[in-house]
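Please open the model in your viewer and keep the selection tool at hand, since each stop below begins with something to select. The sequence and the structure come next.

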Amino acid sequence: MNILIYNVLLNDSRVDIRIEGNRIASINPPSTNPIDEEETTLIDGTHLVAFPPLVNAHTHSAMTLFRSYGVDLPLERWLNEKIWPNEANLDPEIVYWGSRLACIEMIKSGTACFNDMYFFYEETARAVEEMGMRAMLSFTCFDHFNPTQAEQLKHDFDRYAHFVASRPSSQLVQWAVAPHAVYTVSGPSLRWIADFAREHAMRYHIHAAETQTECRNSLQQHGATPIRWLQQNGVMGSNLIVAHGVWLDDEEIAMLGQAGATVVHNPCSNLKLGSGYAFKYNELRNAGVNVALGTDGCSSSDNLDMIEAMKFMSLLQKGWRLDPTALPAQETLQVGSLNGYRALGIDAGIIAPGHLADLMLLNLDNLSFVPYSQSVCNLVYATHGEAVDTMIVNGKIIMRNRQVAGEEETISQARRVVKRLIKV
């Protein structure tokens, strides 16, 4: 099925966007009378504006079920007292419905693709494929510096390798590894997981340099900061995706840049957990690091609205630098979309012929676009997820007129399974 979006606003000009299969075929001046062709779906873009959709480059999707839970605590207490005790209750069904809920929320706020770090990845994959999104899903692991658990991890990774071999990456779902952090995974495990990732051509997704406490403890435990500890354990490489990276010095930034790594900023989560605000975006960008954007999980960010995350990121850069020209809107959109796709190795994030057909269409009649001078400025500074009208992923319409299949059932089931999850 082909798609023709006619008379839509793109880069503040009216155009027709034609999609054939899963790629953008052409972008032309608007035709006077769009042809109602067989096998072509017509979308009237008169009241719509097109943007590349967003990539949530670091999240824990099924944590939608922990939304606004364990609030007003620092990271270490939040994890130890609220999150980890309840995550012990997770099962495949809980993760499936939590992930379905996350997919719907992301679709309805303009996110087409996400990079997930959580458990029961098979169930998240099922949810992703049913909803028509893209995702990179990881085998998420801990060994807690316990030699027995570390040995068990090797057996778990053998099973993961067999699983991936039987279900290779597709157009929608890719596989990765995700050792949780340097304070939950031992150096030897970090090292051989890095070898596993290289052997299987996978991304290596890890939390690092999120808080001052983490960095201080890493120095005491390992004699090195988190990024230096990753370097010493052979983790550094172009497949590395560092979540947070709030507390980085110049030498660490240079290491990440030389490796061609990605650092994912999670401004709302970092602010809520009091982890820090002076994210060194300019320094990372200038060093050659690919900087992407994420929300983190719903217990620390409370929602998965990447449009909100873009606004927070831009305003924080302006605020802590005392510079209103820092991180302008167009560059913020690149961080929220194109850079996320680059981090995951997906040829999207640009609305141009030949690229994968991932687009979001926002409603120009939403008050946040009335009036507008530059649509990208309205997107980053004025609007919110509720302005998203239509989502197209891999050449297929997965939301139109804000209608997503299965939403009511998902809400009902999420409310049911959460009763088995949160006990503490």
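Select R420 and D91, whose side chains form a salt bridge in this predicted model, with the closest N and O atoms 2.9 Å apart. R420 lies in helix α16 (residues 407-421), whereas D91 sits in the loop between α1 (75-87) and α2 (92-108), so the pair ties together parts that are 329 residues apart in sequence. Colour the two by accessibility and you will find R420 partly exposed at 31% relative accessible area, while D91, at 21%, is also classed as partly exposed. Because the class of buried residues ends where relative accessible area is no longer under 20%, the 21% of D91 places this residue in the intermediate class. Now add E93 and R416 to the selection, and the picture widens to a network of salt bridges that links D91, E93, R416 and R420.

Stay with helix α2 and select S99, which is found there. Is S99 buried or exposed? The relative accessible area of S99 is 0%, and S99 is therefore counted as buried. Setting aside residues up to four places away in sequence, S99 touches S61, A62, T124 and A127.

How many salt bridges does the structure hold? The count is 21, and a further one to display is the pair R23 and D347, whose side chains meet at 3.1 Å, N to O. R23 lies in strand β3 (residues 23-28) and D347 in the loop between α14 (338-344) and β14 (359-363), so this pair ties together parts that are 324 residues apart in sequence. R23 is partly exposed, with 33% relative accessibility, and D347 is partly exposed as well, with a relative accessible area of 35%.

For a salt bridge within one element, select D156 and R159, where the N to O distance is 2.3 Å. Both residues lie in helix α4 (residues 147-166), three residues apart, which is about one turn of the helix.

Next, hide the charged side chains and turn to the nonpolar interior. In soluble globular proteins, nonpolar side chains tend to be buried together. The largest nonpolar core here has 104 residues, and those with the most contacts inside it are F157, Y160, W175, Y204, L256 and L362. Apart from it lies another core, of 22 residues, with M63, L101, A127 and L421 among them. Returning to L362, select its surroundings: leaving out residues up to four places away in sequence, L362 touches a set of residues that includes H47, L48, V49, F51, I307, F369 and L379.

Two buried residues in strands make a useful pair of stops. Select T40, which lies in strand β4 (residues 40-44) and is buried at 9% relative accessible area. Beyond residues up to four places away in sequence, T40 touches M1, N2, I3, L4 and R18; the C-alpha atoms of T40 and R18, 22 residues apart along the chain, are separated by 9.4 Å. Then select A135 in strand β8 (residues 134-141), which counts as buried at 2% relative accessibility. A135 touches C113, F114, V128, L172, V173 and Q174, with residues up to four places away in sequence again not counted. Draw a distance from A135 to F157, and their C-alpha atoms, 22 residues apart along the chain, are separated by 20 Å.

Show the surface and select L271, Y277 and F312, which make a nonpolar surface patch of about 290 Å². Within this patch, Y277 is placed in the loop between α9 (267-272) and α10 (281-286).

The last stops concern backbone geometry. Select V370 and P371, between which the peptide bond is cis, with omega near -20 degrees; P371 is found in the loop between β14 and α15 (375-382). Which value does phi of D72 take? Phi of D72 is near 60 degrees, a positive value in a residue other than glycine, and D72 is placed in the loop between β6 (54-59) and α1, where D72 is exposed with a relative accessible area of 70%. Finish at L322, where phi is near 55 degrees, likewise a positive value in a residue other than glycine. L322 lies in the loop between α12 (306-321) and α13 (329-336), and L322 is exposed, with a relative accessible area of 76%.

Conventions. Residues numbered from 1 in each chain as written. Predicted model: local features only at pLDDT ≥ 70, side-chain atom pairs only at ≥ 80, totals over all residues. Heavy atoms only, no water. Helix = DSSP H or I, 4+ residues; strand = E, 2+ residues; numbered from the N terminus. Buried < 20%, exposed > 50% of the residue type's maximum accessible area, 1.4 Å probe, protein only. Contact = heavy atoms within 4.5 Å. Patch = residues over 30% accessible without salt bridge, like charges linked within 9 Å, V, L, I, M, F, W, Y side chains within 5 Å. Areas by Shrake-Rupley, 256 points an atom, 1.4 Å probe, with all protein chains shown as cover. Salt bridge = Lys/Arg side-chain N within 4 Å of Asp/Glu carboxyl O. Core = buried A, V, L, I, M, F, W, Y, C linked by side-chain atoms within 4.5 Å.
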